[in-house]
Amino acid sequence: MTSHYITLFNRDLDKLKEELQAYESTETIWKVDPGINNSAGNLALHLIGNLNHFIGAILGKTGFKRDREGEFNDKNIPLDKIIQDVESTQTMIDNTLSKLTSETLESDYPVEVFGKPMNTTYFLLHLYGHLNYHLGQVNYHRRLLS
């Protein structure tokens, strides 16, 4: 089961890298226009922070410390750094999810994120949907501003 999650997360994180690299310039990654709340750069930072927190720190005990506010406030980080961080996130996902047992997947996720218990499989599916939601926003942002 975890191999399916690894494949899907990596496929779509590869797509995130492709989307970011398809921008005409790094400056455009950080641009927002009226009615657009988040830049593609900030959405990428948010996805990196989200996955490293909920998969890495919580399930993998990586020691990652999330700066959620920075995910939305930091600006003008070089594209190469973002791509490197996405790739590090992919490595973390491979390492963490490959070690999960069926028992862990069926047990409650260690943190009550939505105010009620949910099993780890359910929460991983939520995280995957979250990734895709923001990946779609990055794609739309690129097409609107390119």
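**Helix α1, length.** I started with α1 in this predicted model. Helix α1 runs over residues 2-21. I checked its span: at 1.5 Å a residue, its 20 residues should cover 28 Å. The end C-alpha atoms are 28 Å apart, so the length agrees.

**Helix α1, buried side.** Next I listed the buried residues of α1. They are T2, Y5, I6, F9, N10, D12, L13, L16, K17, E19 and L20. I then looked up what they pack against: α2, α3, α5, α6 (102-106) and α7.

**α1 against α7.** I took this pair further. Helix α7 spans residues 120-145. The two axes come within 10 Å and cross at roughly 15 degrees. Angles under 35 degrees count as roughly parallel, so α1 is roughly parallel to α7. I noted the hand of the crossing as left-handed. From α1, the contact uses Y5, L8, F9, R11, D12, L13, K15, L16, E19 and L20. From α7, it uses T121, L124, L125, L127, Y128, L131, N132, L135, V138, N139 and R142. I sorted the residues of this contact by type: 13 are nonpolar, three polar and five charged.

**D12.** I picked out one charged residue of α1, D12. Is D12 buried or exposed? Its relative accessibility is 5%, so D12 counts as buried. I set aside neighbours within four places in sequence and asked what D12 touches. The contacts are Y128, L131, N132 and L135. Those four residues also appear on the α7 side of the helix contact.

**Helix α5.** I repeated the length check on α5, residues 79-97. Its 19 residues should span 27 Å at 1.5 Å a residue. I found the end C-alpha atoms 27 Å apart, which agrees. The buried residues of α5 are L79, I82, I83, D85, V86, T89, Q90, M92, I93, T96 and L97. Their cover includes α1, α2 (26-29), α3 (40-59) and α7.

**Positive phi.** I ended with the backbone of two loop residues, K61 and N76. K61 lies in the loop between α3 and α4 (68-73). Its phi is near 50 degrees, positive in a residue other than glycine. At 67% relative accessibility, K61 counts as exposed. N76 sits in the loop between α4 and α5. Its phi is also positive, about 60 degrees, and N76 is not a glycine. I looked up its relative accessible area: 59%, so N76 is exposed.

Note on methods: Residues numbered from 1 in each chain as written. Predicted model: local features only at pLDDT ≥ 70, side-chain atom pairs only at ≥ 80, totals over all residues. Heavy atoms only, no water. Axes fitted to C-alpha atoms, helices over the stretch in contact; angles between N-to-C directions. Parallel < 35°, antiparallel > 145°, perpendicular 65-115°, else oblique. Left-handed = near helix turned anticlockwise from the far one by under 90°. Contact = heavy atoms within 4.5 Å. Buried < 20%, exposed > 50% of the residue type's maximum accessible area, 1.4 Å probe, protein only. Expected span 1.5 Å × (residues − 1).
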